[in-house]
Amino acid sequence: RYNNRIKLKSESIAEHSFFVAYNILKVGYDYSIPNEIINEAVAIAIAHDFPEMFTSDLPHDCKQRYPELRKLLAEIEKDFLKDEMPELYDRFIKLYNEESLAVLLVEIGDAISVLQYCNRENELGNNSDDIKNISNEIKMRVVTLFEKLKQEL
């Protein structure tokens with residue numbers, strides 16, 4: 001993660017996916033969301049970045065600057081899962097094709113995980129502009145996503 005940014009501690013796909021899944025459980029519990037929705041969101045969380053084992057982590061800022069790259073990467077990830085890990089494909093594809101409470105929980109869990117990562121980097125002494133910028137952006141995203149959750153509920 002953040003392979004083109006100054007960082008003190010690396011985080012694997014597995015670690016990130018675990019944190020996303022835990023955050024979903026916590027938010028689901030705190031907001032009294034039905035277990036079947038929470039469980040579906042956790043299953044999607046397991047799949048959500050799994051294709052990065054094939055594509056690696058292409059930096060967020062690069063994907064933002066080149067939307068055509070983001071679109072191509074999405075197709076590559078879908079093809080990879082469909083061919084190599086079909087058991088994850090249906091859940092992964094929901095991120096692109098579905099607006100649901102489960103998908104929103106994944107987005108929230110993912111955003112919280114990024115914020116937690118930035119907080120850990122700060123605690124370890126990383127005061128780089130990169131981490132500050134990521135932290136500022138993700139704080140706004142977390143607020144926006146929780147507002148959307150409140151509207152959904």
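**A walk through the helices**

Start by selecting E121, which is found in helix α7 (residues 101-123); helices here are DSSP runs of H or I, at least four residues long, numbered from the N terminus. You're looking at a predicted model, where local features need pLDDT of at least 70, side-chain atom pairs count only at pLDDT 80 or more, and totals for chains, interfaces and linings use all residues. Residues are numbered from 1 along each chain as its sequence is written, and side-chain values use heavy atoms, with hydrogens and water left out.

Stay on E121: what is the nearest side chain of opposite charge? That's R120, 6.7 Å away, and E121 has no salt bridge although it is buried. A salt bridge here needs a side-chain nitrogen of Lys or Arg within 4 Å of a carboxyl oxygen of Asp or Glu; Lys and Arg count as positive, Asp and Glu as negative, and His and the chain ends are not counted. Buried is under 20% relative accessible area, exposed is over 50%, and partly exposed is in between (1.4 Å probe, protein chains only).

Now add N126, whose side chain joins that of E121 in a polar contact of 2.7 Å. Such a contact is a pair of N or O atoms within 3.5 Å; within protein, one must be able to donate a hydrogen and the other to accept it, and residues adjacent in sequence count only if both atoms are side-chain atoms. Leaving out residues up to four places away in sequence, E121 touches I6, K7, L8, K9, N126 and I131 (contact means heavy atoms within 4.5 Å).

Next, jump to H16 in helix α1 (residues 13-30). H16 counts as buried because its relative accessibility is 1%. Show D110 and S113 too: the H16 side chain makes polar contacts with the side chains of D110 at 2.7 Å and S113 at 3.0 Å.

Slide along to S32, in the loop between α1 and α2. Buried or exposed? S32 is exposed, at 63% relative accessible area. Check its phi as well: near 55°, a positive value in a residue other than glycine.

Last stop: helix α5 (residues 67-84). Select L73, A74, E77, K78, F80 and L81, which are buried. They cover an arc of only 160° around the axis, so they sit on the same side of α5; the arc is taken over directions from the helix axis to the C-beta atoms. The buried residues of α5 pack against α2 (35-48), α3 (52-55), α4 (60-65) and α6 (86-97). Flip to the other side of α5 for the exposed E68, K71, L72, K82 and D83.

Key. Helices (H or I, at least four residues) and strands (E, at least two) are DSSP runs, numbered from the N terminus. The expected span of a helix is 1.5 Å times one less than its number of residues.
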